[in-house]
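The exercises below are meant to be worked through with the sequence and the three-dimensional structure side by side. Each one sets a task and then gives a solution in steps.

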Amino acid sequence: MPAHRHRSGTTRRSHSPKRFSALGILLAAFSLLLALPAQAADIPARGSAHLGMGVVAHDGQGGTPATGDATQTEGVDVSSHQGNVAWATLWGSGVKWAYTKATEGTYYTNPYFAQQYNGSYNVGMIRGAYHFATPDTTTGATQANYFVDHGGGWSKDGRTLPGVLDIEWNPYGASCYGKTQSAMVSWISSFLTQYKARTGRDAVIYTATSWWTECTGNYAGFATANPLWVARYATAVGTLPAGWSYYTMWQYTSSGPTVGDHDKFNGALDRVVALANG
């Protein structure tokens with residue numbers, strides 16, 4: 001019987017089972033990647049959080065306040081995502097005070113802290129440091145100690161503002177860090193108590209009214225001792241958290257000139273000095 005030949009003298013090749021197996025694994029892995037929740041890819045790296053990070057996503061934005069109010073003093077807040085800051089430019093534009101992120105949790109210190117904290121001071125600004133709180137990682141007292149030990153201290157030199165507890169939406173998970181309202185109040189109290197024990201000053205509380213309402217039950221008990229720095233990106237500051245009849249500082253935009261985060265101090269420059277002196 002004559003042998004059957006393939007066309008053009010070619011020999012038919014069989015597909016390797018191993019090749020199909022590898023391809024199948026790759027396709028399966030790609031399918032799993034597509035099936036992951038979209039928010040998983042949006043979770044930022046630990047340490048990258050900063051003052052007001054969640055404001056636009058949760059509260060939106062709607063304009064900026066009128067300029068030129070002599071009873072308010074312009075300020076800025078910065079963190080590592082601004083890098084080396086042009087302090088002379090900011091000073092020339094009328095910015096007179098600044099806060100720099102020092103720490104987050106007990107695992108992060110700002111690598112630009114020296115340039116930002118000392119640079120603002122060197123051009124003539126009154127400056128201070130803030131701590132981004134992560135109540136799901138360690139206790140309030142532990143984080144207060146970490147903050148003070150890494151730039152969050154205070155001295156009565158007329159140029160150093162009291163430290164700030166930045167307590168707001170959790171960029172890494174559940175908004176309230178998995179805590180009940182009463183547990184959150186206890187955590188904040190622990191931080192504030194330890195900060196005062198270490199520095200002799202009552203820390204400033206930075207927050208947004210909507211977060212404070214959701215995560216502390218709109219607790220009013222800190223208002224008598226702790227100055228309020230409120231976040232609201234709008235033409236007016238709006239409703240304040242319970243207990244505070246006025247704000248000390250207002251973060252009003254994340255898209256200002258030179259650096260994005262700009263703030264108003266509720267008083268002329270002599271009142272900024274008064275807060276610095278305690």
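**Exercise 1. Positive phi in the loops**

Task: Determine whether Thr258 is buried, partly exposed or exposed, and then compare the setting of its backbone with that of Asn218.

Solution. The model is a predicted one, and the solutions should be read with that in mind. Thr258 has a relative accessibility of 46%, and because partly exposed covers the range between 20% and 50%, this residue counts as partly exposed. Thr258 belongs to the loop between β8 (249–253) and β9, and its phi is near 70°, a positive value in a residue other than glycine. Most residues other than glycine have a negative phi. Asn218 offers another case, with a positive phi near 60°; it sits in the loop between α8 (209–216) and β7 (228–231) and, at 27% relative accessibility, is also partly exposed. A glycine can be added to the list, since Gly124, just after α5, takes a positive phi of about 115°.

**Exercise 2. The overall frame**

Task: Describe the chain by its secondary structure, its burial and the sequence range of its contacts.

Solution. Begin with the elements: the chain has 9 helices and 9 strands. Next consider burial, where 44% of the 278 residues are buried. Finally, take the contacts with a separation of 6 or more, of which 70% are between residues 24 or more positions apart.

**Exercise 3. A helix and what covers it**

Task: Identify the buried residues of helix α5 and the elements that cover them.

Solution. Helix α5 spans residues 113–122, and its buried residues are Phe113, Gln116, Tyr117, Gly119 and Ser120. In an α-helix there are 3.6 residues a turn, so residues three or four places apart point the same way. The cover over the buried residues of α5 includes the strands β1 (73–78), β2 (97–104) and β4 (126–132), together with helix α4 (87–92). Strand β4 contains Ala129, a residue buried at a relative accessible area of 3%. Leaving aside neighbours within four places in sequence, the contacts of Ala129 include Phe113 and Tyr117, and among the others are Tyr99, Thr100, Phe147 and Val164. Trp154 lies 25 residues from Ala129 along the chain, and their C-alpha atoms are separated by 9.1 Å.

**Exercise 4. Charged pairs**

Task: State how many salt bridges there are, and work out which parts of the chain are tied together by the pairs Glu74–Lys264 and Arg198–Asp149.

Solution. Side chains of opposite charge can pair when their charged atoms come close. The count of salt bridges is 5. One of them joins Glu74 to Lys264, with the closest N and O atoms 2.9 Å apart. Since Glu74 lies in strand β1 and Lys264 in strand β9 (residues 262–265), this pair ties together parts that are 190 residues apart in sequence. Glu74 is buried at 16% relative accessible area, and Lys264 is buried at 8%. Another salt bridge links Lys101 with Glu104 at 2.7 Å between the closest N and O atoms, and both of these residues are buried. The side chains of Arg198 and Asp149 also meet in a salt bridge, at 2.7 Å from N to O. Here Arg198 belongs to helix α7 (residues 181–199) and Asp149 to helix α6 (residues 140–149), so the pair ties together parts 49 residues apart in sequence. Arg198 is partly exposed, with a relative accessibility of 37%.

**Exercise 5. Cores and the largest pocket**

Task: Characterise the nonpolar cores, and then the largest pocket by its volume and lining.

Solution. First, the largest nonpolar core has 57 residues, and those with the most contacts inside it are Trp97, Tyr99, Ile167, Ile188 and Trp229. The largest share of this core, 7 residues, is supplied by α7. A second, separate core of 9 residues includes Val78, Trp87, Leu90 and Val95. Turning to the largest pocket, its space is about 380 Å³. Its lining consists of 20 residues, with Pro227, Leu228, Tyr246, Thr248 and Leu275 nearest its centre. Helix α9 (residues 269–277) gives the largest share of that lining, 3 residues. By character, the lining divides into 10 nonpolar, 7 polar and 3 charged residues.

Methods
Residues numbered from 1 in each chain as written. Predicted model: local features only at pLDDT ≥ 70, side-chain atom pairs only at ≥ 80, totals over all residues. Heavy atoms only, no water. Buried < 20%, exposed > 50% of the residue type's maximum accessible area, 1.4 Å probe, protein only. Helix = DSSP H or I, 4+ residues; strand = E, 2+ residues; numbered from the N terminus. Contact = heavy atoms within 4.5 Å. Salt bridge = Lys/Arg side-chain N within 4 Å of Asp/Glu carboxyl O. 1 Å grid on protein atoms, 1.4 Å probe; cavity = no way out; pocket = protein on both sides within 12 Å on 5 of 7 lines; lining within 4 Å. Points joined across faces, edges and corners; volume = space filled by probe spheres on them. Nonpolar A, V, L, I, M, F, W, Y, C, P; charged D, E, K, R; others polar. Core = buried A, V, L, I, M, F, W, Y, C linked by side-chain atoms within 4.5 Å.
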